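Q: I'm new to this one and would like a close look at a single part. Could you keep it relaxed and walk me through it?

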Amino acid sequence: MSFLQVEALAAGYGGRQVLRGVSLQAEAGQIVGVLGANGSGKTTLLKAVCGILPHTGSCTLDGLPLEGLSPRQLARRCSYIPQRSGISVDLSALEVVLMGFNPQLGLLERPTLAMRDKARAALAQVGLAGREEENYLHLSEGQKQLCILARTLAAGGQLLLLDEPESALDFRYRYRMLELLRSWVRQARRAALVTLHDPALALNCCDRLVVLAQGRAQAVLAPAADPLEEMERQLAAVYGAVSLCRCRDRAGRAQLVMLKEPERETE
């Protein structure tokens with residue numbers, strides 16, 4: 001069995017079904033990206049996997065069914081980072097990162113010195129060194145996203161679910177963020193499930209790609225190995241006609257480039 005196993009997942013809102021029998025897998029050490037048009041069910045998928053949203057089907061992590069865990073047990077294993085953190089009170093960046101240790105602490109128990117050291121190191125890791133005491137609410141949207149990422153990196157866990165984490169980041173930090181995720185999943189038995197808005201980022205940084213269309217997993221792609229023609233066909237369901245080509249950057253690393261084909265004029 002794969003490290004993360006999602007089988008026949010179905011979920012929705014107010015009686016309206018959004019996901020319809022989605023299945024996917026992730027091995028330990030892998031980043032699995034999720035691509036899809038608006039309304040295809042990307043956010044719903046993440047919320048269902050981490051137990052925020054009621055669902056049918058099953059989610060198993062490292063052989064353990066997630067549906068049978070208490071909220072506290074689930075929080076120790078899975079971290080969900082939405083597009084907006086929901087934090088609306090005055091907290092320092094360090095205090096926000098320390099919140100990631102709450103599932104490990106008892107009632108009224110305070111973070112240890114070791115936890116505070118981990119939190120500071122995580123902030124430095126994401127590029128926020130020296131901002132530990134700054135008000136989280138005064139940070140830019142991109143810096144807030146990095147702060148929440150630091151919270152997850154510090155606390156550990158086994159599964160990280162991120163909803164379009166690159167949306168508020170500039171070009172440089174988008175790739176830096178994925179590099180941090182890749183390092184994180186390879187440090188222990190971990191995996192990440194990430195919805196992405198940028199297909200170029202997804203093609204070059206994810207081990208697998210799940211293409212969602214109308215609430216179903218239309219395809220699961222392996223960007224490093226699958227034929228370009230097959231990936232072009234599957235991605236067309238999201239982006240229209242596209243062309244892919246393989247090349248190498250100046251350091252000799254393999255890269256995938258995606259170009260949008262011009263729309264054909266109709267007579």
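Which residue just after H4 takes a positive phi, and of about how many degrees? Please tell me about the helix itself too.

A: That's Gly 127, with a positive phi of about 95°, just after H4. A quick note before the helix: this is a predicted model, where local features need pLDDT of at least 70 and side-chain atom pairs count only at pLDDT 80 or more, while totals for chains, interfaces and linings use all residues. Residues are numbered from 1 along each chain as its sequence is written, and side-chain values use heavy atoms, with hydrogens and water left out.

Now, H4 itself. Helices here are DSSP runs (H or I, at least four residues), and strands are runs of E (at least two), numbered from the N terminus. H4 covers residues 113–125, and its 13 residues should span 18 Å at 1.5 Å a residue (times one less than the number of residues). Its end C-alpha atoms are indeed 18 Å apart, so the two agree.

Which side chains are tucked away? The buried residues of H4 (under 20% relative accessible area, 1.4 Å probe, protein chains only) are Met 115, Ala 119, Ala 122 and Leu 123. They cover an arc of only 100° around the axis (taken from the directions to the C-beta atoms), so they sit on the same side of H4. That fits a general rule: an α-helix has 3.6 residues a turn, so residues three or four places apart point the same way.

And their neighbours? H4's buried residues pack (heavy atoms within 4.5 Å) against helix H3 (93–98) and helix H5 (141–155).

For the wider setting, UniProt's unreviewed entry places "domain: ABC transporter" at residues 4–239, an annotation that may be inferred rather than shown by experiment. That span is 36% helix and 26% strand, and its end C-alpha atoms lie 28 Å apart.

Terms used: Buried < 20%, exposed > 50% of the residue type's maximum accessible area, 1.4 Å probe, protein only.
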